[in-house]
Amino acid sequence: MAFTEEQLVRYSRHIILSEVGGKGQKKIRQAGVLVIGAGGLGSPIALYLAAAGIGKIGLIDADNVDLTNLQRQIIHHTTDVGRPKVLSAAEKIKDLNPDVEVITYQKHLDAENALKIFADFGYVIDGTDNFPAKFLINDAAFFAKKPLIHGGILRFDGQLFTILPGESACYRCIFPELPPQGVVPSCQEAGVLGALAGLIGTLQATEVIKLILGIGNPLTNRILAYHALETLFREIKIKKNPHCPLCGSSPSITKLEMAIQEVCDFNSLESA
Amino acid sequence: MFVKINGKKEEIRAGTLGALLKSKDIEPQMVSVELNNQIIARPDLADTPLKEGDAIELLFFMGGGANTHVC
Ligand SMILES: [Zn+2]
């Protein structure tokens, strides 16, 4: 389907880029991106993907907007406090760009639904803040063979990298297993500079758009780390770990259910 | 001796990665350690010797945006 006159105007600053053009803008329109977590990272990710004209955006989040979220979760406004995050975010997306189809999942990601939801999208972006979810997303992306943009923020630091399942280093290549409960602080416990979410989320959105367009060098096999206090970006080289329990040469996790079991054992410990 | 830790030159006394983590009060379980671009498995940290000029990366777990629970 050709772009309407209005769409040509809306996306003109993309289309004028020789690396994008009308052809690239069509790829953007045909793409489906799943954003997990409609929070600090998910806010800029969803807004920039919507503005870019991504055809289908999926949003997963079971929570309601809380007053403490507004310091960094810019897709939600003061009047949204108490409302489901996916609803609040979907409204802003539609308001920004009615071309976008938004699919909302007001639920937790779990063993039952992960692969089913992933199947409906070409790309996955991790905007969650807890480790069981990050491991589950990494593992589900591997089994579903979906490119994944991982991101994390804490205090004044942030990091991200791209995972092409089976081809480039995955999250478990670096962190084979979940950290024991209580060893690693959460944003809730340790705090986070709000603007950092905007920066890392925007970088994640940029990386997924590059993958969709097939341009430039993907952020694979390297972690981009940002240290706000020193205003310093660093690149840390990583590589596929042959001992990775997921994508290594003799993996111990051969089905998503096994990964989930580990994650659930962890959670039951946590709630104990 | 001098090594590079997360890109910064530092003088250290520790002779092994395990001793280095201990001197910095870092629990081995909260970090993934790269020595000269090679991830060192956690059980091997204590016995991995360090030498002048080594490049060490301490990769920390980092959370993020939304508290989306699983299970
Ligand atoms: Zn791996």
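This passage describes a zinc site, the largest pocket, one helix of chain A and the make-up of chain B in a predicted model.

The zinc ion is held by four cysteine sulfur atoms, namely the SG atoms of A:C170, A:C173, A:C244 and A:C247, at 2.3 Å. The angles subtended by these four donor atoms run from 94 to 119 degrees, and the arrangement is therefore tetrahedral. Along the sequence, the donor residues follow the spacing C-x2-C-x70-C-x2-C. Distant parts of the chain are linked in this way: A:C173 belongs to helix α8 (residues 171-174) of chain A, whereas A:C247 lies in the loop between β8 (232-237) and α11 (256-271) of chain A, and the two are 74 residues apart. A:C173 has a relative accessible area of 0% and is buried. A:C247 also counts as buried, because its relative accessibility of 8% falls under the 20% cut-off.

The largest pocket encloses about 760 Å³ of space. It is lined by 30 residues, of which A:D157, A:H227, B:N6, B:F60 and B:M62 are the closest to its centre. Strands of both chains contribute to the lining: β6 (157-163), β7 (222-227) and β8 of chain A, and β2 (8-11) and β5 (55-60) of chain B, each supply at least two residues. The largest share, four residues, is provided by β5(B). Sorted by class, the lining residues comprise 18 nonpolar, four polar and eight charged ones.

In chain A, helix α7 covers residues 131-144, 14 residues in all. The distance from its first C-alpha to its last is 20 Å, close to the 20 Å expected at 1.5 Å a residue. Of the 14 residues of α7(A), 11 are buried, so the helix is largely enclosed by the rest of the structure. The buried residues begin with A:F131, A:P132, A:A133, A:K134, A:F135 and A:L136, and continue with A:I137, A:N138, A:D139, A:A140 and A:A141. Charged residues are among them, including A:K134 and A:D139.

Chain B, which supplies β2 and β5 to the pocket lining, contains one helix and five strands. From the N terminus on, these elements are arranged in the order β-β-α-β-β-β. Chain B has 71 residues, and 44% of them are buried.

How values were computed. Residues numbered from 1 in each chain as written. Chains lettered and ligands numbered in written order. Predicted model: local features only at pLDDT ≥ 70, side-chain atom pairs only at ≥ 80, totals over all residues. Heavy atoms only, no water. Donors = N, O, S within 2.8 Å, 3.2 Å for Na, K, Ca; no water. Tetrahedral: all angles 85-135°; square planar, octahedral: opposite > 155°, others 65-115°. Buried < 20%, exposed > 50% of the residue type's maximum accessible area, 1.4 Å probe, protein only. 1 Å grid on protein atoms, 1.4 Å probe; cavity = no way out; pocket = protein on both sides within 12 Å on 5 of 7 lines; lining within 4 Å. Points joined across faces, edges and corners; volume = space filled by probe spheres on them. Expected span 1.5 Å × (residues − 1).
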